[in-house]
Every structure is written in C-alpha cells, then in structure tokens.
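Thanks for coming, everyone. I'll keep this brief. Let me put the structure up, and then we'll walk through it.

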Amino acid sequence: MADQIKIRTLTQGEITDIRVLMQHPMETGQRKDERGQTLALHFIQNFTVNLNGKPLIDGQLNTSVSKNPLFTFKAKGIKAGDKLAVNWTDNTGDKRQDEITVS
C-alpha cells in the first residue's frame, strides 16, 4: 500500500489554501533500472478532493508529473471541523484515500 497522503490547510479570511502531497513513485516508463531494464509506467491517473463527502476537485493525469507530486488549491467556504478527503487511483488499479479534519 502506498504511503499516506499528506493534506495541509491554511485558512486566511474566506480563502483556504489546500496542499496535498501524494506519495507515489510516478514512473514515466522511460527510466531504466541498474540492469538496463525499463521501469514500467506507473502513475496516478485520477484523484479527487472531497469536502464533507461532496466533490470539490476532480483531477486526471495522463502521464507521470514527478515523484511524490504536490498539488495546491484554493477554496472558499471551508471552516474548522469540515472533513477534507483526498483519494487517488493509479494506472495499475492501486488506490489510496486519506482524510483530515480542518482545524
């Protein structure tokens, strides 16, 4: 199973900055290992950010962007006590979901 998704928020006024670190190898399919074998393509294809169970962001990646990609978003109306959940599915079918309570 993949490592925990790190979710951080910072609210200033009505705007909340959401930072999401998705720990994933994100292989491009172009690198080779020490034996010269090509490493298989392995990347996050879809991710969603839900606020209190309702979709806030729905994203799709078509290729690897970087190892352990960091995404940042801004949203209005998030308050302390809200539940923020992030989940992803990669091209091999692996999934990960983590949730925080906004403080």
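**Phe47, two sheets and a core**

Start at Phe47. Setting aside neighbours within four places in sequence, Phe47 is in contact with Met22, Ile57, Asp58, Gly59, Gln60, Leu61, Phe71, Phe73, Asn87 and Trp88. Keep in mind that this is a predicted model.

Now, which residues touch the most other members of the largest nonpolar core? They are Met22, Phe47 and Phe73, in a core of 21 residues. Several strands feed this core. β2, β3, β5 and β6 each supply at least two of its residues. β3, residues 44-51, gives the largest share, with four.

On to the sheets. One is an open sheet of four strands, in the order β4-β3-β6-β7, with antiparallel pairing. What stands at its edges? β4, residues 54-60, and β7, residues 95-101. Each has a single partner strand, so one side of each is left without a neighbour in the sheet. From one strand to the next, the twist averages 15°.

A general reminder: sheet strands pair through backbone hydrogen bonds, parallel or antiparallel.

Look inside this sheet. β3 and β6 are antiparallel and share seven bridges. Two partners to find on screen: Thr48 pairs with Asn87 of β6, and Leu51 pairs with Leu84 of β6. Asn87 is also on the contact list of Phe47.

Is β6 mostly covered or mostly open? Mostly covered: six of its eight residues are buried. On to its pairing with β7. That pairing is antiparallel too, again over seven bridges. Lys83 has Thr101 in β7 as its bridge partner. β6 and β7 make a hairpin, with four residues between the strands. Find Gly93 in that turn; its phi is positive, about 95°.

Next, the other sheet. Three strands form an open sheet in the order β1-β2-β5, and the pairing is antiparallel. β1, residues 6-12, and β5, residues 70-76, stand at the edges. Each of them has a single partner strand, so one side of each lacks a neighbour in the sheet. Here the twist averages 20° from strand to strand.

Take β2, residues 15-21. Seven bridges join β2 to β5, and the two run antiparallel. For a landmark, Thr16 stands opposite Ala75 of β5.

To close, back to the core. β2 and β5 from this sheet, and β3 and β6 from the other, are the strands I named as supplying at least two core residues each. And Phe47, where we started, is in contact with both Met22 and Phe73.

Notes: Residues numbered from 1 in each chain as written. Predicted model: local features only at pLDDT ≥ 70, side-chain atom pairs only at ≥ 80, totals over all residues. Heavy atoms only, no water. Pairing = 2+ DSSP bridges. Axes fitted to C-alpha atoms, helices over the stretch in contact; angles between N-to-C directions. Core = buried A, V, L, I, M, F, W, Y, C linked by side-chain atoms within 4.5 Å. Buried < 20%, exposed > 50% of the residue type's maximum accessible area, 1.4 Å probe, protein only. Contact = heavy atoms within 4.5 Å.
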